[in-house]
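These are my notebook entries on a structure that I consulted. I set down what I looked up, entry by entry.

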Amino acid sequence: MHDHGVELPRSRTVVRMLSAIVIPLALATVVGLVWLWPTESPAGTVMATGEQVRIELGTVTGISGGDAMTSPEVTMRLDEEGVEVPLHVPPEIAASGMSEGDRVKAIFNPVGLDAGAPYIFWDFERSTPLGLLALAYLAVVALVARWKGLAAVVGLGLSLAVVMFFMLPALLAGSSPLAVILTGAGAMMFASIYLAHGISVRTTTAVLGTAAGLIVTIILAHLVTDRASLSGAWSADAGMLISYGLRLDHILMCGMVLAGLGALNDVTITQVSTVWELRLANPAANTAALFRQGMIVGRDHIASTVYTLAFAYVGTALPLLLAAALVDRSLLDTLTAAQVAEEIARTLVASIGLILAIPLTTAIAARLARA
């Protein structure tokens, strides 16, 4: 068995022990995917009120008037017909950066013909800039990390596919959120770790550490959403999701688990690699010494990832924080308001799971590296 070009002694006992744990986990994940996979799409088209309702692509050709409270007069040139038509745009969209030449999508509804507003702004068309950004990302990964980086991108793609084609449809179909998140997170864990780092005792040890961290995170997420009365019902899409019979507190719990999965994979791989390198550098080191030295790096990792997750969530929730700050209330009331409290709970749950995964992974790695 090779790890980073160095051949390590392979203990058949260690391999059997890891196989006895990881193979059942992998089989359970596969069984869960088959059992929970939705057989039909549970969600229809929300806007489909008739066959004549459709989405049109076009280019903004003129904007005049309007302010933060009133809609401006906007015209767009339709791609298909090549004619200019009036476009109804919400004032908050127009005031947030819409300009002539923007590519947009509009809903055409013949019901609005009598009112003179059959075309309603739906969204911006952004496939070209996002596609160029994705190509730049792939080029940078290939240039710096080469094949290993590209393998990690493939793992990321498979993980996103699990979310889009399994988790979201299964949750909309009414499957148990706990079963869906366990199965989906397990599939994402196996795909991301093994594709990026290969199959070895080292990466399998990281899988065990990640699985332990996931279990801790799921338990914490369940307890916090229940005890702190976090409903997840304050988002703009809450009403639509409730109409599908979804428990939004369960969806919030799933989001907490997914939020920390990427960082969890990162710290477990790092800790395992650290312990393995320490073992190679000092073959005489015992399990306790490997654990102690590995945790020196682990504590530095904890110190950095704590504020990494916090800053990431603050950046994502900045509009929410600004809206909460507009209300005249104390700092404590602001932090415990439902929308802000959900983001705080998401950050703390993911961070606790990540922090506890580091000593767990280091202990497992120290024992197996010594073996």
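Entry 1, a residue of the surface. I began with Ile-344, which I located in helix α11. The model is a predicted one, and I read every value below as computed from it. I asked whether Ile-344 is buried, partly exposed or exposed. Its relative accessible area is 33%, so I recorded Ile-344 as partly exposed.

Entry 2, the nonpolar patch. I then looked up the surface patch to which Ile-344 belongs. Its other members are Leu-331, Leu-335, Leu-348, Ile-352, Leu-356 and Leu-360, and the patch covers about 610 Å². Which helices each supply at least two residues of the patch? I found α10, spanning 331–336, and α11, spanning 338–370. The largest share, 5 residues, is that of α11.

Entry 3, salt bridges. How many salt bridges does the structure hold? I noted 7, and I examined some of them individually.
- Glu-84 pairs with Arg-77, with 3.3 Å between the closest N and O atoms. Glu-84 has 48% relative accessibility and therefore counts as partly exposed; Arg-77, at 38%, is also classed as partly exposed.
- Asp-123 and Arg-126 join through their side chains at 3.1 Å, N to O. I recorded a relative accessible area of 27% for Asp-123, which is partly exposed, and 37% for Arg-126, likewise partly exposed.
- Arg-227 and Asp-226 form a salt bridge at 3.7 Å, N to O. Arg-227 has a relative accessible area of 68%, which means that this residue is exposed.

Entry 4, the interior. I turned next to the largest nonpolar core, which has 51 residues. Which of its residues touch the most other members? I listed Phe-166, Met-167, Val-180, Met-189, Leu-214, Met-256 and Trp-276. Several helices each supply at least two residues of this core: α1 (12–36), α3 (127–172), α4 (177–197), α5 (201–227), α7 (248–281), α8 (287–316) and α11. The largest share comes from α7, with 11 residues. As background, I noted that nonpolar side chains tend to be buried together in soluble globular proteins.

Entry 5, one core residue and a separate core. I followed Phe-166 and set aside residues up to four places away in sequence. The residues that Phe-166 touches include Gly-32, Leu-33, Leu-36, Trp-37 and Pro-38, and also Ala-161, Val-180, Thr-183 and Gly-184. Apart from the largest core I found another, of 14 residues; Val-60, Val-74, Tyr-119 and Phe-121 are among them.

Definitions and conventions:
Residues numbered from 1 in each chain as written. Predicted model: local features only at pLDDT ≥ 70, side-chain atom pairs only at ≥ 80, totals over all residues. Heavy atoms only, no water. Patch = residues over 30% accessible without salt bridge, like charges linked within 9 Å, V, L, I, M, F, W, Y side chains within 5 Å. Areas by Shrake-Rupley, 256 points an atom, 1.4 Å probe, with all protein chains shown as cover. Salt bridge = Lys/Arg side-chain N within 4 Å of Asp/Glu carboxyl O. Helix = DSSP H or I, 4+ residues; strand = E, 2+ residues; numbered from the N terminus. Buried < 20%, exposed > 50% of the residue type's maximum accessible area, 1.4 Å probe, protein only. Core = buried A, V, L, I, M, F, W, Y, C linked by side-chain atoms within 4.5 Å. Contact = heavy atoms within 4.5 Å.
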